Amino acid sequence: MNNLLEIEHLQTHFKTEEGTVRAVDDISLNVRKGEIVCIVGESGSGKSITAMSVMGLIEGPAGRVAGGSIRFDGEDLLKLSRNELRTIRGNEIAMIFQEPMTSLNPVLKIGEQIMEPLMEHQKLSKKAARKRAIELIGEVGIPRAEQIADSYPHELSGGMLQRIMIAIAISCGPKLLIADEPTTALDVTIQAQILDMLRKFKEESDTSILLITHDLGVVAEMADYVVVMYAGKVVEEGEVVELFENPKHPYTQGLLKSKPIINQRQDELYSIPGQVPNPLELVPSCYFHDRCAHCMDICRTKQPALKQVGGQQKAACWLYEEEAIAHV
Ligand code: SF4
Ligand code: MG
């Protein structure tokens, strides 16, 4: 399988009054064609910022992509102009967010909002776009599609709105779908239906999905490949079965202690004692050291690199380094 998305050494920084926050701190990851990659981590781990960096949504004076490259289908997205990026966004790369209400326009009818990308990117006529919009509403499992097309967002439930967001996202047949906590705000039954729909869409169209979640149940159900982020870094990655059966990094091991229950929503990850470090106070070290039961001297003063620890699995932890063993 070829890589559709290749992120290399990405750094996304935010300036605050107290200093620079390295929200994404030198991460690399690939998404292959037809694959679902899940990024999992607590809030503040940098997973949403990674997605927003791919979408070119880090803008303004405070935030910027400070380094690295993001190649999509062979092209470096960071080198594209705003206009070039706009032709890719919503067309070849589409995104679904946690809160559909914040992405939909409250004063535009649902049908019109689905028609917009069809007219802009696919150059459909108004009539053809309306016809396709109504088909799409049916495809995401909403009955009485015509009536729904003429409704306003506030007239629909949260689950229906998320289906509409999916209809908009898939309308142009994207090669990559980025979904940031797409089911977090929904109840368990609706969540399962939405995930099924995404998987079915992926299977039928061979679209790749980058799925961001804090919910290990979602990861277990959806992922081919998992990337675990902590404090802006990738701390472990691997094929889903490998990683769930034999997690190497103490952070991943902690997360998995909360046996994910499939189809059951988890509001919080299992609470590993302690807190995510203050991003302004990070010093060269393993950022997890304050919370790690295996912490050694070297962990407090040197950052472990992400290295192969068997199969496709990689972990960033001194436990797997000979150098560390020599220090014990
Ligand atoms: Fe724990 Fe050290 Fe590994 Fe960090 S590097 S996870 S502190 S053992
Ligand atoms: Mg987030």
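Start by selecting strand 10 and strand 12 (residues 313-315): they pair in the antiparallel sense, with two bridges between them. Before going further, keep in mind that what you have open is a predicted model.

**Stop 1: around strand 10**

Stay on this pair and pick out Glu237, which stands opposite Lys314 in strand 12. Now colour the whole of strand 10, residues 233-239. How many of its seven residues are buried? Six are, and that makes strand 10 mostly covered.

Next, add strand 9 (residues 225-230), which pairs with strand 10 in the antiparallel sense over six bridges. Click on Val227 and look across to strand 10: the bridge partner there is Glu237. That's the residue you have just seen opposite Lys314.

Follow the chain from strand 9 to strand 10 and you'll go round a hairpin with two residues between the strands. Zoom in on Ala231 in that turn. Although Ala231 is not a glycine, its phi is positive, at about 50°. As a rule, most residues other than glycine have a negative phi. Is Ala231 buried or exposed? Ala231 has 22 other C-beta atoms within 10 Å, and the cut-off for buried is 20 or more, so Ala231 counts as buried.

**Stop 2: the sheet of eight**

Zoom out to take in the sheet these strands belong to. Eight strands form an open sheet in the order 6-7-8-3-9-10-12-11, and the pairing is mixed. Which strands are at the edges? Select strand 6 (93-96) and strand 11 (307-310), each of which pairs on one side only. As you turn the view, note that neighbouring strands of this sheet are turned by 20° against each other on average, with direction ignored.

Now go to the strand 6 end. Strand 6 and strand 7 (residues 176-180) run parallel and are joined by four bridges. To see one of the pairs, click on Met95 and find Ile178, its bridge partner in strand 7.

**Stop 3: the sheet of four**

There's another open sheet to find: four strands in the order 2-1-4-5, with antiparallel pairing. Strand 2 (19-32) and strand 5 (75-76) are its edge strands; each has a single partner strand, so one side of each is left without a neighbour in the sheet.

Select strand 1 (residues 3-16) together with strand 2, and you'll have an antiparallel pair joined by eleven bridges. Along the way, Thr12 has Val24 as its bridge partner in strand 2.

Then walk along to the loop between strand 4 and strand 5, where Asp73 sits. Asp73 is a residue other than glycine with a positive phi, near 50°. Asp73 has 16 other C-beta atoms within 10 Å and is partly exposed.

**Stop 4: helix 1**

Show helix 1 (residues 47-54) next. It lies across strand 1, strand 2 and strand 4 (63-72), and runs at about 70° to strand 2. Eight of the eight residues of helix 1 are buried, so the helix is largely enclosed by the rest of the structure. Click through them if you like: Lys47, Ser48 and Ile49 are among them, as are Ala51 and Met52. After the helix comes Gly56, with a positive phi near 70°.

**Stop 5: two domains and a core**

Time for the wide view. Colour the protein chain by its domains: domain 1 (3-92 + 174-327) and domain 2 (102-171). Their C-alpha centres lie 30 Å apart. Where they touch, eleven residues of domain 1 are in contact with ten residues of domain 2. Which element gives the most to the domain 1 side? Select helix 8 (residues 188-205), which supplies four residues. By class, that side has nine nonpolar, two polar and no charged residues.

For the last selection, look for the largest nonpolar core, which has 87 residues. Helix 7 (residues 158-170) gives nine of them, the largest share. Why does this core lie between the domains? Domain 1 and domain 2 both give residues to it, so that is where it lies.

Finish on Cys38 and Leu210, the residues with the most contacts inside the core. Leaving aside residues up to four places away in sequence, Leu210 touches Leu5, Val31, Val37, Ile39, Ala51, Leu176 and Ile178. You've met two of these already: Ala51 is buried in helix 1, and Ile178 is the bridge partner of Met95.

Terms used: Residues are numbered from 1 along each chain as its sequence is written. Chains are lettered from A and ligands numbered from 1 in the order in which they are written. This is a predicted model: local features need pLDDT of at least 70, side-chain atom pairs count only at pLDDT 80 or more; totals for chains, interfaces and linings use all residues. Domain bounds come from an automatic or database domain assignment. Two residues are in contact if their C-beta atoms, placed from the backbone, lie within 7 Å. Ala, Val, Leu, Ile, Met, Phe, Trp, Tyr, Cys and Pro count as nonpolar, Asp, Glu, Lys and Arg as charged, and the others, Gly among them, as polar. A nonpolar core is a set of buried Ala, Val, Leu, Ile, Met, Phe, Trp, Tyr and Cys residues joined through C-beta atoms within 7 Å. A residue is buried if 20 or more other C-beta atoms lie within 10 Å of its own, exposed if 12 or fewer, and partly exposed in between; C-beta atoms are placed from the backbone. Two strands pair if DSSP finds at least two bridges between them. Axes are lines fitted to C-alpha atoms, for helices over the stretch in contact, and angles run from 0 to 180 degrees between N-to-C directions.
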